[in-house]
Amino acid sequence: MGFALVDADAGTGVHLVAKQTFTDKIRGAVPYYLKHMDDHNTIIGIYLRTIHSLKDDLLKLSNCLVADAFFSKETFVTGAKALGFNVISRLRDDVRLKYLYTGLKTGKRGRPKKFTGPVDLKSLDKSVFETITLEGVTLHSAVVWAVSLKREVKVVIAEYIDPQKKTQTRKVFFSTDTDMSAIDIFDIYRTRFQIDFLL
């Protein structure tokens, strides 16, 4: 498991540390950052233990963890948040998202309304999503509920513009920091590939 420190503005990075992944089962009390997992000896659990071992040094540099789509799992995101990190990653193309209900409380008995319906990635509600057009890409962003992550996230749906294609390429990124701007989420995720060059 490799860690790099990346300057998102400059788009350059430096190698920090690499840790060998051992898959031996660990017995004993389950750490607080793994208590949400049914089985803490999975590869995600092992990765979270590694992050915990480096936590203090990493948090001195940044509380932002950028990881590829493999890590866009509830078990990893919940554990990383418990350790004090925000996560930026990419979601599956068929991700299930829901619009959050932001209206007034009805005052009726029972569980309050939390969602207003599913997000159709091909037909976004323009009253919820903000849109920014950059060179070659259009970004749509909003705070929504990610079903697979079981939490609110700031999503950025990037539509790559290619006039020669009938169907445009669409990718979905997210940040657990819901105050982060769409451009920052998009740009910071793209810096993840610096680690490949360093390796």
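This passage looks at three spots in a predicted model: a surface patch, a loop serine and a strand glutamate.

Starting at the surface, Leu-5, Val-14, Leu-16 and Leu-61 come together as a nonpolar patch, and their joint accessible area is about 310 Å². One of these residues, Leu-5, sits in strand S1, which covers residues 2-7. With a relative accessible area of 31%, Leu-5 counts as partly exposed, because that class lies between under 20% for buried and over 50% for exposed.

Ser-72 is a rather different story in terms of setting: it belongs to the loop that links strand S3 (64-66) with helix H2 (74-82). Its relative accessible area is 12%, so Ser-72 is buried. A polar atom of the Ser-72 side chain is found 2.7 Å from the backbone oxygen of Ala-69. Leaving aside residues up to four places away in sequence, Ser-72 also touches Ser-89, Arg-90, Leu-91, Leu-149 and Phe-174.

Then there is Glu-130, which lies in strand S7 (residues 130-134). Here the relative accessible area comes to 56%, so Glu-130 is exposed. Exposed or not, Glu-130 still has neighbours: Leu-139, His-140 and Ser-141 are in contact with it, again not counting residues up to four places away in sequence. As for its placement relative to Asn-63, the two are separated by 67 residues in sequence, and their C-alpha atoms are 26 Å apart in space.

Conventions. Residues are numbered from 1 along each chain as its sequence is written. This is a predicted model: local features need pLDDT of at least 70, side-chain atom pairs count only at pLDDT 80 or more; totals for chains, interfaces and linings use all residues. Side-chain values use heavy atoms; hydrogens and water are left out. Patches are made of residues with over 30% relative accessible area and no salt bridge: like charges are joined within 9 Å, nonpolar side chains (Val, Leu, Ile, Met, Phe, Trp, Tyr) within 5 Å. Accessible areas come from the Shrake-Rupley method with a 1.4 Å probe; for residues, only the protein chains shown count as cover. A salt bridge is a side-chain nitrogen of Lys or Arg within 4 Å of a carboxyl oxygen of Asp or Glu. Helices (H or I, at least four residues) and strands (E, at least two) are DSSP runs, numbered from the N terminus. Buried means under 20% relative accessible area, exposed over 50%, partly exposed in between (1.4 Å probe, protein chains only). A polar contact is a pair of N or O atoms within 3.5 Å; within protein, one must be able to donate a hydrogen and the other to accept it, and residues adjacent in sequence count only if both atoms are side-chain atoms. Contact means heavy atoms within 4.5 Å.
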